[in-house]
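User: I would like to learn how to read a structure like this one, step by step. Could you show me the model and then take me through its features?

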Amino acid sequence: MKDQIDNLIQQSKKHTITTKEELENFRLKFLVKKGLVNELFQEFKSLVGEEKKIWGKEVNIAKQKIEAIFNEAQLKLSTDDSSILEEQDLPGYFSNLGSRHPISFVVDEMSLIFERLGFSVATGPEVEDDWHNFSALNFPYNHPARDMQDTFFVGEDIALRTHTSSVQVRLMEKGELPIRSIMPGRVYRNEAISARSNCFFHQVEGLYIDKGVSFSDLKQTLYNFVQEFFGANTRVRFRASYFPFTEPSAEMDIYLGIETESDARLTKGTGWLEILGCGMVDPNVLENCNIDSKEYSGFAFGLGVDRIAMLKYGVKDLRTFFNSDKRFLDQFVNL
Ligand code: PHE
């Protein structure tokens with residue numbers, strides 16, 4: 001019996017199994033009902049008495065050894081299998097690194113310029129109360145000036161902020177003077193959505209309050225910004241305007257010309273593009289925030305970021321910034 005067992009193990013070990021076919025041959029030779037392993041068992045069954053006890057264990061071990069050879073070869077073949085290999089060696093999901101949104105990039109660029117001029121960055125809530133968004137800014141209750149900014153109300157006297165001037169109020173209320181800050185952020189207005197306007201957009205507003213701040217400080221600050229952001233030779237003009245919270249108020253345009261089709265369209269054929277509103281903070285606003293308007297004066301301005309981003313990147317439809325189309329956003333990965 002011993003010889004038979006040894007012989008069988010030797011035989012099985014001699015087999016090289018490198019293909020599925022060889023594997024199958026091995027199985028047919030050793031492991032099927034009429035195979036050699038079973039043959040050995042039949043032999044063993046014919047033993048009697050002591051002999052049966054002794055060899056039972058050995059026959060079982062031989063069977064396990066041969067099965068182990070089969071299992072190992074099967075496993076190896078299945079992992080070598082090139083079709084499976086391909087599946088396992090997937091090309092890999094490119095986890096593309098995210099990038100800054102073009103609007104964020106423009107906000108950062110603007111912020112950097114103002115930071116160099118000594119402005120710090122302030123933020124505030126997007127859901128605002130009436131006081132901070134309107135009343136403190138000299139928009140009397142039920143005054144038609146409130147219609148300048150169609151508002152999304154979320155509750156009684158609570159609304160999505162229509163401008164980041166609300167953050168100016170919060171800053172002034174803190175009472176730490178002087179103030180020299182910009183307030184970047186998202187704002188909301190209930191406007192018809194089109195290629196040129198959206199129900200939300202972005203602003204970088206600024207506030208400078210100190211003793212003896214004048215309109216010429218305002219102009220120089222904004223000139224400086226425009227030269228840094230749009231280039232040293234950019235032409236600008238101020239137009240008188242109206243905001244309830246500034247007096248006098250102005251809007252500033254930059255000259256793009258009408259040479260290109262997109263410049264002509266953006267400027268509605270005038271060559272001039274309005275980029276911001278500004279003015280001297282109305283004394284009423286200072287007093288609303290407990291700042292002595294006889295001692296302190298200040299200027300404020302509010303830049304619209306989205307239109308400037310459209311201009312900078314030649315984007316024709318404002319909505320493409322916000323519909324999360326990866327093909328659009330991928331164009332800005334190197335910002
Ligand atoms: N808050 C104004 C707006 O959103 C912009 C502005 C800011 C105008 C500061 C003047 C001074 O339209």
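Analyst: Let us begin at the ligand, keeping in mind that this is a predicted model. The largest share of the shell around the ligand, three residues, comes from strand S10 (297-304). Strand S6 (200-210) and strand S9 (272-281) also appear among the elements that give two or more residues to that shell.

User: How many residues surround the ligand, and which are the closest?

Analyst: A residue is counted here if one of its heavy atoms lies within 4 Å of the ligand. By that rule 14 residues surround the ligand, and the closest are His163, Ser165, Arg189, Gln203 and Glu205. When the residues of the shell are sorted by character, they divide into five nonpolar, seven polar and two charged.

User: Which side chains have polar atoms placed for a contact with the ligand?

Analyst: For a polar contact one looks for a pair of N or O atoms within 3.5 Å. In this model a polar side-chain atom of Ser165 lies 3.0 Å from a nitrogen atom of the ligand. On the side of the ligand's oxygen atoms, one is 2.7 Å from an N or O atom in the side chain of Arg189, and for the side chain of Gln203 the distance from an N or O atom to a ligand oxygen is 2.7 Å.

User: How much of the ligand's exposed area does the protein bury?

Analyst: The size of an interface is often given as the accessible area lost when the parts come together. Here the ligand taken alone exposes 320 Å², and the protein buries 93% of that. The ligand sits in the largest pocket.

User: What should I look for in the backbone?

Analyst: Most residues other than glycine have a negative phi, and most peptide bonds are trans. Against that background, the peptide bond from Leu177 to Pro178 is cis, with omega near -5°, and Pro178 lies in the loop between helix H8 (165-174) and strand S5 (179-188). Another cis peptide bond joins Glu247 and Pro248, with omega about -5°, and Pro248 belongs to strand S8 (residues 246-255). Asn290, although not a glycine, has a positive phi of about 60°, and its place is in the loop between helix H11 (283-288) and S10.

User: Into which domains is the protein chain divided?

Analyst: The chain is divided into domain 1 (2-87) and domain 2 (102-332), and the C-alpha centres of domain 1 and domain 2 lie 82 Å apart.

Technical notes
Residues are numbered from 1 along each chain as its sequence is written. This is a predicted model: local features need pLDDT of at least 70, side-chain atom pairs count only at pLDDT 80 or more; totals for chains, interfaces and linings use all residues. Side-chain values use heavy atoms; hydrogens and water are left out. Domain bounds come from an automatic or database domain assignment. A polar contact is a pair of N or O atoms within 3.5 Å; within protein, one must be able to donate a hydrogen and the other to accept it, and residues adjacent in sequence count only if both atoms are side-chain atoms. Accessible areas come from the Shrake-Rupley method with a 1.4 Å probe; for residues, only the protein chains shown count as cover. On a 1 Å grid over the protein atoms alone, a cavity is a set of points where a 1.4 Å probe fits but cannot get out, and a pocket is an open set with protein on both sides within 12 Å along at least five of seven lines; lining residues have an atom within 4 Å of a point. A molecule sits in a cavity or pocket if more than half of its atoms lie within 2 Å of its grid points. Helices (H or I, at least four residues) and strands (E, at least two) are DSSP runs, numbered from the N terminus. Ala, Val, Leu, Ile, Met, Phe, Trp, Tyr, Cys and Pro count as nonpolar, Asp, Glu, Lys and Arg as charged, and the others, Gly among them, as polar.
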